[in-house]
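These are my notebook entries on a structure I went through chain by chain. I kept them short and in the order in which I looked things up.

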Amino acid sequence: MARFLHIRFWLPLLLVAGTLLLAPLFRSSQPPLQSHALALLLCGTAALSAYLFAVIAQPEKF
Amino acid sequence: MLPWLLAVVTLAAVVLTAPSLGRHLFEVFDDRPQPAWDRWLNPMETGLLRWIGDAGRSAENTRSYLQPLLISNALFGLLALTLLLFQPAWFNPLGFGGLRWDLALHTSISFLTNTDQQHLIPEQTLGNLAQLGAIQFLMFVSAATGLAVGFAVIRGFSGRPIGNFYRDLLRSLTRVLIPASLLLALFLLVSGVPMTLAPPLEITTLEGAKQWLPRGPIALFEAIKQLGENGGGFISANSAHPYENPTLLTNLVSTWAMLIIPAATLDAFGRFVGNRRQSNLLLALVFGLLVIGVGVAMAAEQAGNPLLSNWISGGNLQGKELRFGSALTGLWTVVSTGTMTGAVNGSIDAAMPLTILTALFNLFLQVVFGGQGTGMAYLLVFALLAVFLTGLMVGRTPEFLGRKVEKPQVVWASLVLLIHPLFVLIPAALTLAGGATLAGISNPGSHGISQVVYEYASAAANNGSGLEGLSDGTAWWNLTTSLSLLGGRYLPIAALLALADGFRQKPVLEPSPGTLRTDTGLFTGVTVVVLVILGALTFFPVLALGPIAEALTLAS
Amino acid sequence: MTTSTRVLFPRMPRGPRQERRYLERPRQQGLVGRAVVEAFRKLDPRQAVSNPVMFVVWCGTALCLALTLEPRLLDVQAGDRERAFNALISLTLLATLLFANFAEALAEGRGKAQADALRRTQARTQARRQLADGSIELVDSSDLRRGDLVLVQGGDVIPADGEVIAGVASVDESAITGESAPVLKEAGSDVAGSVTGGTRILSDQLTLRISADPGKGFIDRMIALVEGAERSKTPNEIALTVLLAVLTQVFLIAVATLSPVANYLQVAPSVVTLVALLVALIPTTIGGLLSAIGIAGMDRVAQFNVIATSGRAVEACGDVNTLVLDKTGTITLGNRLAEEFLPVGGHSVAELAEAALGASCFDQTPEGRSIVRLAEKLGAVLPFGPGTASGIDFSARTRMSGSDTPDGIEFRKGAVDAIKGFVRSRGGQVPDQLDQCFEQVSRLGGTPLAVCRGAEVFGVIYLKDIIKPGIRERFDQLRRMGIRTVMLTGDNPITAGVIAREAGVDDFIAEATPEDKIAVIQQEQKLGKLVAMTGDGSNDAPALAQANVGVAMNSGTQAAKEAANMVDLDSDPTKLIDIVTIGKQLLITRGALTTFSIANDIAKYFAILPALFAGVGLEALNVMQLASPQSAILSAMVFNALIIPALVPLALKGVKFRPLSAEQLLRRNLLVYGAGGVVAPFVGIKLIDLAIGALHLI
């Protein structure tokens, strides 16, 4: 449970930080809302990928 | 008709000679008594083993195999990197200076990983010392490393301890690669390939212009380039150059040389597990895929571009050497990409889309004989996954070679599936997102996608060929492909060793009528389907946007 | 006591197996309704996260829903047309999730219904706990602890599992076995010494030592298992989960990188279509049904009235190579019947019959009573007055039984060499004819029992063993599946050989002791084989623990039940064969649906890819001639969603298992699920595309 509390705390933080970091990359081709949404999508995909790696590493826990 | 006949003869020669070399490999790597003819190597080998000392007899597990592998490879790489960074004046008749750091890094990693992707023009940048001490040295040790890993994995699958890396490396060199290369070099020498330390030849052409003809110790270089599935040319034009591949005969013998060691490794696998039927069926599987690829490419090259057929006959001759012709260049391309040699005797960039598709398909599968030693291991991984997927359908926990396939095996085997998406698709997407300038694409459109994807696929599969229109000498390309090279080499090696070591520790089960037999035609067919679905289906979207779109556009 | 015969032979299975259903039938009504509600509840991300494949679908659905609410979020040019399409895709994705949740909920619901049926047997009761000083206190049954002493009297419900330490009583065990006849329980007896919580004592009183803490008892374990509360993934399921996660990861990367690659050609597909492609490619069919298959497998075992201690045990059944079976009760009917009297030493049949009657009148075993019946049919009369003689019980050491008359005449019957020894000890002669009779009977597959009066051998009784009808066919099936059967029997080697041949077992061990069982199991395991066995006595417990799959009979001792990984409530040893089939079915179902799921990808590529990149020249790949790009994508998604409920019955019932060799099974299943998996989506997607066109949905 403590582990999940950790994730619940860190995941949104990481997503927000990643979004803010990556958004400027899309600024050239997109208006601000879209560039932030794209950055968030990218971070979300990365997080999903990390989750899948966690499943591969410890399938018993899921 | 003649090219087809020659192709059949070459491939038949591989099938006929593989069993005898296979037996030799089995004797070498299973520590059987040596035949009389290579006993003359004993003193040198025992001397070296004594020098290695206790390290040559260490405990046999994944860690104790992997650790010396990584350390020794790192040392080999550093040695080559130093030589390339600071080219000394010795044996350097044209006085070439050191390479740019990213180019030196990429070149040393590329040769260290048995890939031989070249982002440089060797005859204009490398002196003989660098060619011999860095490039050719790495060609020998990287092929030996691959062979060692291949046989460690085979040992694991056949229930033997996986062995000792130093010993395997040494014996790969002394018993297989060095003698075979010497023999092939002798043949090439006789056929007209130079073997000299003299500076380039200055000649006056018919028009009266001055021209430098690069030459060097090419014959031996060429021999290990083909036999060790390296593929990096002494000269930029690689095997298209008359000094590397002078005649039709050398062309066919070189094609044979690319195939013979991997085919023999497969044969040796059958001897290790005591089931030649199993290895013959796997050989038939791989050979079948190769023949299909060769057929497609030869036909496509011979047919040529339909849009040009009104003006040009004789197939697609763009980027071809006339002494080989269009069809035999197709044969070479498929064999070279399938075996992870990556040597070229014509421009793949100028080949027909179907040939490029076949080449990419080979790079993604990595088992159409595949890399030196590692190709065999990949094939076992796919067979294992096929057993796991279909074996459940007979109502038992799947078994392969008498051992159960359970979670650890599936984890290690399927990690191998992740390597290509990680090290091909992600960097290719990043490069293409960065725009054409970053990518250095020479032909826009679908072909540009092929160029970028091919470059990373070639790096991650440790092949080394390329669609050479790409301007790949930049720091971006050097560094990103270096990552793909390393990821595509050492991560699978670690996973394969762990897989094999874990597998051998499982109890052996006796076969019963309820056990799924893997040495049947049915199962071999299943393996092909699993191979194509798991190995290549992932890349179907990218292939569709690249060569398939190009081919369909040409056809319509 | 009229029930005495039942008490003595509690192991006899009766009636055709299909009709013996002792557990209360679980309530089926309302199951679907509850599963629907549960399917929505399972959308909770905290639950969704436990299924990697479906969690990716979950994330995709959330993204598509967001883009339905605000299509301009990722693409400035998107408008109402895109919103409508996004809404349709979101709905199909949501349906995919709900269908998968529904499958799992339905399987769980069936387990829960079964657990409820069990729980009703386990009403809370008051128990009389005996304290150290001998006084009695009333406590709630849930307060009992392992080791407590409890007094139960006629009419009480037995509060927890326990061992009888004093008293004799008849107990109604119909709550768990369905046997209406009461069972005699007494202290010190092997089989009759243990009682199960929830059963009812009918008369007299017993003192019990409680053998399980509350919630750890037999029925509690049963409930937890069928309910799925203690369900942990089996090794095979874990391995499959890894492979599915890897495939999902591979396709996630492939689809995520597609956007920049296509963007280079200026044909970047919309995010929603990419999500659709991803969901189409990842193995949602098996991902959605994987847990349902496992739960349904446990449920099927429970429907057979067998309680498995873990899913792992059921799965191991599929891998069993060798079955070790007791002859009696499994291969032959439990009771051997006297068939013929073979006199020796010049005695007549009538004399032998009289001696046999004398030796058997105290024997209450079915064999003994069949001897009495046969002797009386032949007109024999008891050679002594009723009530005058005393009975001598059978013991494993003497291997004979009989009676002693007051005037010192000893009637004995028993194993031939035991009687030989007895006769010699009394100074008698053994006629050569005896050995001939012994051989003659053995060769017929019968059990020879010698009969003597004092020092004089009268002859041999031929006890006929009746091989269960149909058992030979079952062993043939097992052999075709690659399973070897080993018969264990106390009979002499000749008899055992004949029975083994008739029943068609592969191997037999004659004159076997309980120690032999362990030896056989260990020997097979050394060859790398998985061994399954059945057992009931305390001395079977070590062998049950040693075997990879040990099935204890419910009529057996507590020790045996503890050591086993399955307990058969009907105490029918042949059921082991059914359990093996269920284990295999479980694995086949998983493999078949995985193959089907992955094979589907080929068709989905051909549907979606040409639709995704219009204008790059991929039109020729549209082999299904789907109407429009949007309709193609939607059709693929609808097919992907609908295939899950279409396969739910298969997942819950399991792929029909046929006793074929591995090669034949593989060929068959590959054809059905592999080739079928390639072809079905081509047909399905085309049909859905036609329907979408007809409905003008897009």
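**Entry 1: chain A.** I began with burial and found that buried residues make up 18% of the 62 residues in chain A. I call a residue buried if 20 or more other C-beta atoms lie within 10 Å of its own, exposed if 12 or fewer, and partly exposed in between, with C-beta atoms placed from the backbone. The model is a predicted one, so I took local features only at pLDDT of at least 70 and side-chain atom pairs only at pLDDT 80 or more, while totals for chains, interfaces and linings use all residues. Residues are numbered from 1 along each chain as its sequence is written, and chains are lettered from A and ligands numbered from 1 in the order in which they are written.

I counted two helices and zero strands in chain A. Helices (H or I, at least four residues) and strands (E, at least two) are DSSP runs, numbered from the N terminus. I get a radius of gyration of 14 Å for chain A, where a compact globule of 62 residues would have one near 11 Å. The radius is taken over C-alpha atoms, and the globule rule is 2.2 Å times the number of residues to the power 0.38. The C-alpha trace of chain A spans about 45 × 20 × 15 Å along its principal axes.

**Entry 2: chain B overall.** Chain B has 19 helices and four strands. Its radius of gyration is 23 Å and the globule rule gives 24 Å for 556 residues, so chain B is as compact as a globular protein of that length. I find 60% of the 556 residues of chain B buried. The C-alpha atoms of chain B fill a box of roughly 75 × 60 × 45 Å along the principal axes. I also looked at contacts in chain B between residues at least 6 apart in sequence, and 78% of them join residues at least 24 apart. A contact here means C-beta atoms, placed from the backbone, within 7 Å.

**Entry 3: helices of chain B.** I looked up how α6(B), residues 128–157, meets α13(B): the two pack at about 35° with their axes 7 Å apart. Axes are lines fitted to C-alpha atoms, for helices over the stretch in contact, and angles run from 0 to 180 degrees between N-to-C directions. On the α6(B) side the contact includes B:Gly146, B:Val149, B:Gly150 and B:Val153, and on the α13(B) side B:Ala377 and B:Leu380. An α-helix has 3.6 residues a turn, so residues three or four places apart point the same way. By class I find seven nonpolar, three polar and no charged residues in this contact. Ala, Val, Leu, Ile, Met, Phe, Trp, Tyr, Cys and Pro count as nonpolar, Asp, Glu, Lys and Arg as charged, and the others, Gly among them, as polar.

I then checked the length of α18(B): its 16 residues should span 22 Å, and its end C-alpha atoms are 22 Å apart, which agrees. The expected span is 1.5 Å times one less than the number of residues. Among the buried residues of α18(B) are B:Phe523, B:Val526, B:Val530 and B:Leu534. The buried residues of α18(B) pack against α10, α12, α13 and α14 of chain B, together with α22 and α24 of chain C.

**Entry 4: two positive phi values.** B:Phe91 has phi near 45°, a positive value in a residue other than glycine. B:Phe91 is in the loop between α3 and α4 of chain B and has 16 C-beta neighbours inside 10 Å, so I class this residue as partly exposed. B:Gln366 has a positive phi of about 60° and sits in the loop between α12 and α13 of chain B. B:Gln366 has 29 C-beta neighbours inside 10 Å and counts as buried.

**Entry 5: B against C.** How many residues does each chain bring to the contact? I find 53 from chain B and 58 from chain C. On the side of chain B that touches chain C, α14(B) gives the most, with 14 residues. That side divides into 34 nonpolar, 14 polar and five charged residues.

**Entry 6: a sheet in chain C.** I traced an open sheet of six strands in the order β12-β17-β16-β15-β14-β13 (chain C), with antiparallel pairing. Two strands pair if DSSP finds at least two bridges between them. The edge strands are β12 and β13 of chain C, each pairing on one side only.

Definitions and conventions
Contact = placed C-beta atoms within 7 Å.
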